[in-house]
Amino acid sequence: SIHTSLDALNMVMAQHRINHRDVREINVGVNNNFAHYTTVTRPTDVIGAHFSLAFGFGLRLVTGETDDAHQYFEDYLNPQKWVDPDILRIVDIVKPYVLPEAINDLNHLAKVQVKLADGSVFEAVQEYCTGGPQNRQTSAQETKFRMQLEAKFRMLAHVAVPDKRMDQILETVRNLEKLPKVSQLVALLVK
């Protein structure tokens with residue numbers, strides 16, 4: 001999937017200092033069912049940006065993996081990023097291919113190979129989605145993920161939901177298992 005592919009790219013980036021200008025080719029192996037993520041290479045809208053494997057790789061390599069979830073999501077929403085020449089150069093060198101072994105339990109399997117101008121080749125494999133039952137997150141990863149998810153919620157909901165109610169919604173979701181009736185959450189979600 002696009003997430004396991006990006007996770008594999010993140011592994012390569014964490015292990016090696018890579019300047020996006022040095023990247024010459026990126027081979028990305030994915031499940032045949034995820035081939036639709038490879039069809040959009042030059043997004044013209046937010047949906048295209050989010051569902052483009054190549055654009056995601058370009059954005060990640062050019063801007064770097066960020067801990068600032070708000071900025072990361074803003075980058076996907078920014079039409080200037082969709083036409084950024086550095087990002088589009090990376091888009092053009094992402095070469096997806098089908099992994100025959102990415103089936104059944106390994107249907108999210110992703111293999112990423114990054115080739116640099118100096119001949120260096122870096123590879124990473126991500127078998128399972130981060131946070132799934134086969135790839136549980138550490139407590140630190142869970143905290144980071146929760147913060148990113150909450151930041152994304154705030155960014156998307158701010159146009160329709162006042163800050164105070166967003167806080168109430170988030171607090172209710174954080175304590176969902178203690179909620180006597182789910183209708184209490186539903187009431188907060190109704191405008």
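In what follows, an angle between two elements is taken between their N-to-C directions and runs from 0 to 180 degrees, the axes being lines fitted to C-alpha atoms. The exercises concern a predicted model.

**Exercise: the chain as a whole**

Describe the make-up of the chain in terms of its helices and strands, its buried residues and its contacts.

Solution. Begin with the inventory, which is nine helices and four strands. Next, read the elements from the N terminus on, which gives the succession α-β-α-α-α-α-α-β-β-β-α-α-α. Then turn to burial: of the 191 residues in the chain, 38% are buried. Finally, consider contacts between residues at least 6 apart in sequence, of which 66% join residues at least 24 apart.

**Exercise: the order and pairing of the sheet**

Work out in which order the four strands of the sheet lie, which strands form its edges, and in which sense each pair runs.

Solution. The sheet is open, and its strands follow the order β2-β1-β3-β4 with mixed pairing. Its edges are β2 and β4, each of which pairs on one side only, and the twist from one strand to the next averages 15°.

Now take the pairs in turn along that order. Five bridges link β1 and β2 in the parallel sense, and within this pair N27 has K95 of β2 as its bridge partner, while V28 stands opposite P96. The next pair, strand β1 (residues 23–30) and β3, is antiparallel and is joined by six bridges; here E25 stands opposite K115, and G29 has K111 as its bridge partner. The pair of β3 and strand β4 (residues 121–126) is likewise antiparallel with six bridges, and A110 faces Q126 across it. In the hairpin that β3 and β4 form, four residues lie between the strands, and G119 adopts a positive phi near 95°.

**Exercise: burial of the inner strands**

Decide how far β1 and β3 are covered, counting a residue as buried when its relative accessible area is under 20%.

Solution. For β1, six of its eight residues are buried, and the strand is accordingly mostly covered. For strand β3 (residues 110–116), five of the seven residues are buried, so this strand is largely enclosed by the rest of the structure.

**Exercise: the surroundings of P96**

Is P96 buried, exposed or partly exposed, and which residues does P96 touch beyond those up to four places away in sequence?

Solution. Locate the residue first: P96 belongs to strand β2. Its relative accessible area is 37%, and since values from 20% to 50% fall between the two cut-offs, P96 is classed as partly exposed. With residues up to four places away in sequence left out, P96 touches V28, T38 and L53. As a check on distance along the chain, P96 and I26 are separated by 70 residues in sequence, yet their C-alpha atoms are 8.2 Å apart.

**Exercise: helices against the sheet**

Establish how α3 and α6 are placed relative to β1, and what the buried residues of α6 pack against.

Solution. Helix α3 packs on the sheet, where it touches β1, β2 and β3, and its direction makes about 135° with that of β1. Helix α6, by contrast, lies across β1 and β2 and runs at about 55° to β1.

For the packing of α6 (residues 85–93), list the buried residues, which are I87, L88, I90, V91 and I93. These pack against β1, α3 (53–63), α5 (79–82) and β2 (94–98). At the start of α6, a side-chain oxygen of D84 comes to within 2.8 Å of the backbone nitrogen of D86.

**Exercise: the crossing of α1 and α3**

Classify the arrangement of α1 and α3 from the angle between their axes, and name the residues that make the contact.

Solution. The axes of helix α1 (residues 2–15) and α3 come within 10 Å of each other and cross at roughly 25°. Because angles under 35 degrees count as roughly parallel, α1 is roughly parallel to α3. The crossing is right-handed. On the α1 side, the contact is made by I2, S5, L6, L9, N10 and M13, and on the α3 side by L53, G56, F57, R60 and L61.

Notes:
Residues numbered from 1 in each chain as written. Predicted model: local features only at pLDDT ≥ 70, side-chain atom pairs only at ≥ 80, totals over all residues. Heavy atoms only, no water. Buried < 20%, exposed > 50% of the residue type's maximum accessible area, 1.4 Å probe, protein only. Helix = DSSP H or I, 4+ residues; strand = E, 2+ residues; numbered from the N terminus. Pairing = 2+ DSSP bridges. Contact = heavy atoms within 4.5 Å. Polar contact = N/O pair within 3.5 Å; in protein donor to acceptor, adjacent residues only side chain to side chain. Parallel < 35°, antiparallel > 145°, perpendicular 65-115°, else oblique. Left-handed = near helix turned anticlockwise from the far one by under 90°.
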